[in-house]
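Student: Before we look at the model, I would like each descriptive word tied to the criterion behind it. Could you take me through it that way?

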Amino acid sequence: MNIHEYQAKEIFRAAGIPIPPGEVATTPAEAEAIAKKFGGTVVVKAQVHAGGRGKAGGVKLAKTPQEAREVADKILKLHIKDLPVQKVLVTPAADIASEAYVGIIVDRARKKAVFMVSPAGGIDIEEVAAKTPEKIMYHPVDARYGLMDFEAQQMGFFLYKDAKQARAAASIMKQLYQAFVKSGASLAEINPLVVTPKGEVLALDAKMVVDDNELDRHPEIAKLRDESAEAPSEVQARNANLTFIKLDGNVGCVVNGAGLAMATMDLVKYYGGEPANFLDIGGSSNPEKVVNALKIITADPNVKAILFNIFGGITRTDDVANGIVTATKQNPLKVPIVIRLTGTNEEIAMKILQDNGFSASSDMDEAVKKAVELATKGGKAA
Amino acid sequence: MSIFIDNSTTVIVQGITGRDGSFHAKQMMEYGTKIVAGVTPGKGGQKFEDKVPVFNTVAEAMKATNANTSVIYVPPMYAADAILEAADAGVKFIVAITEGVPVLDMTRVYPFVKEKGARLLGPNCPGLITPGQSKVGIIPGRICTPGPVGVVSRSGTLTYEVVYQLTRAGLGQTTCVGIGGDPINGTNVIDCLAAFEKDPATKVVCMMGEIGGTDEQEAAEFVKKNMKKPVVGFIAGQTAPPGRRMGHAGAIISGSAGTAAEKIQAFKDAGMGVAQRPLDFVELVRARLK
C-alpha cells in the first residue's frame, strides 16, 4: 500500500526524525493561508501516488502567500501518471547546503532489509546506481538484531565527513529503521536528507510503501489508505478481493493465479491482440467474485471481448461457471465472451454453461485466439 | 527417482484441523502421501479422519513420528512462527503453502531455518508432487503422470497449465515443484535445478519464471555453468507494463533488472530452449528427449 508523503512524514516524525513542519491543503485558498502562517518562501508539493512529481510540475516554490495560492491552483488541476492531484503539502522552503539519499528496501536477493545510502541525493537513486554506483553504500540488516549503532555510524560517515552530521544521520537511520519495522513497510525512503547551512541534518521528503500483508496487524496504518488517490477500478477490485490492473487493450481477461494471468495476457499479444487488463480472481473463488470481476471489466468501454481462463485447482470451475451465469443474468453482456475452463469440477461447469447457452473450451490457445479474433473484428457473441 | 519427496516421505500437517489444512490433508492421503501426524495447538489427542494423530506442538509430533517433512496451512499472521517451530523441532523439509506472509517475518525466518539445516519451500507456493508417489501441498494430482520431465516454477496455476499440456502430450514428470512468488522464499530455482541435474530419472527440465527480480538470470547462469541436462524456460509477464505489481510481489520490474526480454535473452545465452507460450513446452521437451 502506498501512503502519501505527508502521512509518511507523520510516521517518521513520530519516530523522532527531524522534519520541517508542513500542512496539507485541498484548495488554493487553504494553501495561501498555510503559506501566510509559515511566512517566507514555501514549497507546494503534490500528494499523489506517483513518482516523478517534480518533473511533472507537481513541486513548486512560492515566495509569497499569493504565489502559493496560484501554484497550488495549478498543481491541484494536474493529473500525474493519470492520477488526479487532490491534496498539496505546503512546507517552509529549507536552505540546503547538501543533499543525500537514505532508503531501506526489502531485497529479494539478500533476503533481508537493505539500507541504501548515498551522498548524491535529491535525484533519482536508480540514476545514481546506473551512473555512479560507487556513490551508493548498501547495508543489509539482520532482522534478528535490528540496525546496530556501529552499522548506522558506518553509513553516517559514508554520507558526511563532519562527525556531528554523521552522528545525526546515524541516529536518523536508526529511527527510520524503527519506523520501517513498526509499520510493516517494504520500503522507506528519505530523498533528500539535507544538511542546512547551519549544519542541521533534516529529512525534506518521505516515502513509505507498506506491505499489504501487514495491514491486518497495523489497523492504524491501514486507515491511512487514500482511495480517492487510486484508480477507481483498482479500488473496486481490491474491495472485491481481486487483483486488477487496467491496461490499454481491448481483450478483457479474467484468470485465476498471477502467473497464469500474465501468461494469458502474453498469449493474447502472441495472437495479435492487446489485453485490456490484468485480473487475478485468486485461489478460492466463489461466484460472487466472478460477478464483481465481470462488473469491473465491462465498465471499461475499450473492452471488445471478454476472455475467461480458469485452471481449477483450489478454484472450483463450477463456482466460476455459476458466477458467469449470475453476472450475465444481472447485466446482460454487450460484448462477446470466450470461456476456457479446465480442472476441478470441469464436467459440472461445462454443463452449467451449456444449459445457459454458453460454449466453453478446455484449450487455452484456442480460447485466446478466438477472443482476439472477436475483439479485433467486433464479432458477434459466442 | 525424483527430487525432495518420494514414497518414503513422511509428513506432518501443521494446521490439519483448519479449513484448508483438512481439505488438503485428505487430498494428499487419497493421493498416497504418508501423512503421519497433524498439529493444531489445543487439539492434541484427537484423530484426523480416524487415522492421523493430532498433536499440540510440532516437537511432540516429531517425538512420536520422527517425520522428515512438514506442510504448513496456518493463517498468514502465524505462518512464520509455524515455520520456526518446525525448523526448531528438527523437521528437515518444510513446505509453507500459506499465502500472505509478511515479508519482514520472512527476513527473520530465513536465517533461522538455514542455521537449523532445514530446507524450506515457499511460502505462498503450491508445494510439490512426485507423480505416482507423493504430493505435499495443493497441486492437483490428476494432471500429473510419472515420466522423465522435471518442472520448477514460481507460480501455481501456470505450473498446472504446463504440467497439464505435458501430461496431455504423454510427457510425464519426475517431480513438479512450485517455489512460490514471494520476495523472500526458501528453496529457489537454482536449488531445484541442481537437484534435477543430480536426479538420474530426470532427462529434461522445464522452468517457468516471471518478470521481476533476477532469479531467472541467475538460474540461466547456473544452467550454462553447471548443467548437462537440457532446460526449457518460459517467462510470464512479457506484456506487463513496467513498475506495476501483478499479484505476486515477485512481479515488480525495477529499473532494467527483471524485464521479460532480459530474462529471455539470458535463457538464450545459456543455450536453453525458450517457450513463447505454455504449449511450446511440449515440442521443445519432446525434441530434447530424443
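Tutor: Let us begin with contact: two residues are in contact if their C-beta atoms, placed from the backbone, lie within 7 Å. By that criterion, 45 residues of chain A are in contact with 44 residues of chain B. This is a predicted model, in which local features need pLDDT of at least 70 and side-chain atom pairs count only at pLDDT 80 or more, while totals for chains, interfaces and linings use all residues. Residues are numbered from 1 along each chain as its sequence is written, and chains are lettered from A and ligands numbered from 1 in the order in which they are written.

Student: Which element gives the largest share of the side of chain A that touches chain B?

Tutor: That is α9(A), with 11 residues; helices are DSSP runs of H or I with at least four residues, strands are runs of E with at least two, and both are numbered from the N terminus.

Student: What makes chain B as compact as a globular protein of its length?

Tutor: The radius of gyration is taken over C-alpha atoms, and the globule rule is 2.2 Å times the number of residues to the power 0.38. Chain B, with 9 helices and 14 strands, has a radius of gyration of 18 Å, close to the 19 Å that the rule gives for 290 residues, so it is as compact as a globular protein of that length.

Student: Why are β3 and β7 of chain B said to stand at the edges of the sheet?

Tutor: Two strands pair if DSSP finds at least two bridges between them, and 7 strands of chain B form an open sheet with mixed pairing, in the order β3-β4-β2-β1-β5-β6-β7. β3 (47–48) and β7 (119–121) of chain B each have a single partner strand, so one side of each is left without a neighbour in the sheet.

Student: How do you know that β6(B) pairs with β7(B)?

Tutor: The two strands run parallel and are joined by 3 bridges, against the required minimum of at least two; Ile94(B), for instance, has Leu120(B) as its bridge partner.

Student: What puts the buried residues of α2(A) on the same side of the helix?

Tutor: A residue is buried if 20 or more other C-beta atoms lie within 10 Å of its own, exposed if 12 or fewer, and partly exposed in between. In α2 (residues 28–38) of chain A, the buried ones are Pro28(A), Ala31(A), Glu32(A), Ile34(A) and Ala35(A). The arc is that of the directions from the helix axis to the C-beta atoms, and theirs is only 165°, which puts them on the same side of α2(A).
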